[in-house]
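Me: I have a structure to go through with you. Let me paste it in, then I'll fire off questions.

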Amino acid sequence: MKDQSLTRAKNPLVRFAISNAVPILFIILLIFAIPLSGFSADYLLNEIITRLGRNSFLVISLLIPVMAGMGLNFGIVLGAMAGQMGLIFMLDWGVVGIPGVVLAMLIGMPIAILLGLLAGTILNRAKGREMVTSMILGFFINGLYQLTILYGMGTVIPITSNKLLLPRGYGVRNAIDLLTIRKALDNMWSIQVGGIIIPLGLFAIIAALCIFVFWFTRTKLGQDMKAVGQDMQVAATAGINVDRTRTLSIIISTVLACFGQIIFLQNIGTINTYNSHDQVGTFAIAALLIGGASVAKATIPNVFIGITLFHLTFIVAPRAGKELLGQAQIGEFFRVFVSYGIIAISLALYAWRRQVEKETERRQAKAAIKAAIEDGTGG
Amino acid sequence: MFESIGKLVEKAGWPRIIIALFLLSMFIIAPFVNISVGTSISDTIVRFAMNSVLVLSLVPMVQSGCGLNFGMQLGVIAGLIGAVTSIELGVTGIAGFLTAIGIAIPFAAILGFFYGLLLNRVKGDEMVVATYVGFSSVAFMSMMWLLLPYKSPNMIWGYGGSGLRTTISVEGYWLGVLNNFLSVRIGNFFLPTGTILFFALIALLVWSFFKTKLGTAMTAAGLNPVYAKAAGVNVDRMRILSVVISTIIASVGILVYEQSFGFIQLYMAPLLMAFPAVAALLLGGASVSKASMGNVIIGAFLFQGILTMTPSVMNNLIKSDMSEVIRIIVSNGMIVYALTRRMKVRK
């Protein structure tokens, strides 16, 4: 209840501080941690630009399901897995450079669409608990993914390259080099300003995606999604096919995540076949939340602020931990703690606020009924 | 005839039947690929006993309407604190085990109380919040394991002289104190009587608790909060109490697990501990809102049966170990199924 009265604070400055509490907290944390870490400004700037390039796509893929009222889509790991399968086929067929990246996306896309369709259908049967279901669904599909990659590839699914297969003749190796497409997108039209490298080509792609998302919210489908997100029943009476709209939002999110993972991995330069996708959901969601988003509202500025703050914390925490406590490992655990903790707090605050709102509504309705009855008896 | 089978299928649900048939086929195949069924059953029983209390710990929260306790790690952490502290004190044998429990319970009660307060504020979203509370608490304790001033040379890193190791052996302290109590050994067959009795004792306590007035009130709070409130039950208090009980049982459960397993696993090891326990409970026939002692026993047995049988049978059959992948698919498939199922019934 305290929470709600605070968001209604009269003073605009106080209101701003309350509604952006999470990003502000992180900025304060960083103000202390950055000098402690002793990194140079050039280094940090370069790192942030690289990380913006490789993570933006993944984080943006979360936006559309939030709009459709399905919360944070932990199921973007499904898209990540589709992307990795695309990359494996691309490597097997020996396509290199930017055509390789495009090919991987083209192979990954149908897989992502299928997985998105599956996820959407399942989430429609779990209305009201989409987040936990999408998370467990991610674990479940991870099992099927491992089954396919570890036992299906090289036996049922034709993969021939010895560089990819395990020595036993089937199953894909644990770590695969992506040297042939490494930084293919990053190096496209990249320029150097002072000591700072800016991957203009990649940023152009991300800008195009932002424009797409912006345009999408204005289309009929985008408006339908907003309506579904606000109230499913009202949307249904207005003639919107709620289930179909929700499924479409998940499919779009999964496909974007598939592209996002390919962009991410071409920057990193290697795939850990069985682990690379594990933390995609957690990290993307933590970044978005740190950028000031909530379960019900997430915007493009949230994405970029979030990635910057989250990854700055990622870079400086281990070093700051070492300087402060003599152990770099503490910093490592700290950043894991921060990513999980921030998700826990954000989800809890959101659920709490919703509960308070529901109670207030009920109380108001009760009072209204009471007043009506009194009116009736009095008159 | 077909009708009754149809009813049975509907009642048990396809995933459960597929998994039961899968396990049955494992036991049938086993003798043909030179695996002793006796040893397999014995292994299954040992693992069942080892995990049973952890599975049991989920029941009170399910009954009170808090859903599946994906934040079980909180209880596990309390148990771990008990375990390392008892080793630090150097108490051995059954006394050491009891010391560990004695230290774990107050921690579990305090953590459970605050956890319960939190869950009361996020009704309807308990499970996803619980998951991340569990995850973040494991990460937080990872920092603590490095910083807490434990000194026993059996537990800290050899170099540097501070910080607990990732795995700590309980050998020489309380390894197998329950497992070996009244145990029966015939050839390859080993029955961990003590652990089973211990589980039976706790299960009996929980079962009889749910027969008391307080326990009935708790179940009522879970079944229909509005009705329970009208009947004078303090729903929020019932929920907190159930969370405290669940957390305490989980803290004891991890100690039971460790005395059988032989090692205390710290740092990120407990991260995903809740999921297999939840899957086992669901496999036993529980739903998101209803669980019984029978569900615990059947579920833990089926689940551990699969975990024991698949690696050995698969290894001999196709010369490669698919058990890990099958474990992931079975446990998470079961949870997804349960999460989607209740909504269908509600409609």
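Reply: A term to begin with: helices (H or I, at least four residues) and strands (E, at least two) are DSSP runs, numbered from the N terminus. With that set, α8(A) is followed by Gly154(A), whose phi is positive, near 95°.

Me: Before we go on, what kind of model is this, and how are things numbered?
Reply: The model is predicted: local features need pLDDT of at least 70, side-chain atom pairs count only at pLDDT 80 or more, and totals for chains, interfaces and linings use all residues. Residues are numbered from 1 along each chain as its sequence is written, chains are lettered from A and ligands numbered from 1 in the order in which they are written, and side-chain values use heavy atoms, with hydrogens and water left out.

Me: Back to α8(A). Why is it called largely enclosed?
Reply: Helix α8 of chain A spans residues 130-152, and 19 of its 23 residues are buried, so the rest of the structure largely encloses it. Buried means under 20% relative accessible area, exposed over 50%, partly exposed in between (1.4 Å probe, protein chains only).

Me: How many helices and strands does chain A have?
Reply: Chain A has 15 helices and four strands. Chain B has 14 helices and four strands.

Me: What about the radius of gyration of chain A?
Reply: It is 23 Å, which agrees with the value near 21 Å for a compact globule of 379 residues. The radius is taken over C-alpha atoms, and the globule rule is 2.2 Å times the number of residues to the power 0.38. Chain B has 21 Å; the rule gives near 20 Å for 347 residues, so that agrees too.

Me: And the boxes?
Reply: Along the principal axes, the C-alpha atoms of chain A fill roughly 90 × 50 × 35 Å. For chain B the box is roughly 65 × 60 × 35 Å.

Me: What share of each chain is buried?
Reply: In chain A, 52% of the 379 residues. In chain B, 57% of the 347 residues.

Me: Switching to cores. Which residues have the most contacts inside the largest one?
Reply: Leu72(A), Leu164(B), Trp174(B) and Ile264(B), in a nonpolar core of 232 residues. Helix α7 of chain B (residues 126-147) gives the largest share, 13 residues. Such a core is a set of buried Ala, Val, Leu, Ile, Met, Phe, Trp, Tyr and Cys residues joined through side-chain atoms within 4.5 Å. Another core, of five residues, lies apart from it; Ala78(B) and Ile240(B) are among them.

Me: What does Trp174(B) touch?
Reply: Leaving aside neighbours within four places in sequence, its contacts include Ala83(B), Phe97(B), Leu255(B) and Ile264(B). Contact means heavy atoms within 4.5 Å.

Me: Now Thr254(A). Buried or exposed?
Reply: Thr254(A) is buried, with a relative accessible area of 1%. This residue sits in helix α12 of chain A (residues 242-268). Not counting residues up to four places away in sequence, Thr254(A) touches Leu78(A), Gly79(A), Ala112(A) and Gly116(A).

Me: And Pro153(B), where is that?
Reply: In the loop between α7 and β1 (167-169) of chain B. Pro153(B) is exposed, at 62% relative accessible area. Its C-alpha atom is 9.0 Å from that of Glu88(B), 65 residues apart along the chain.
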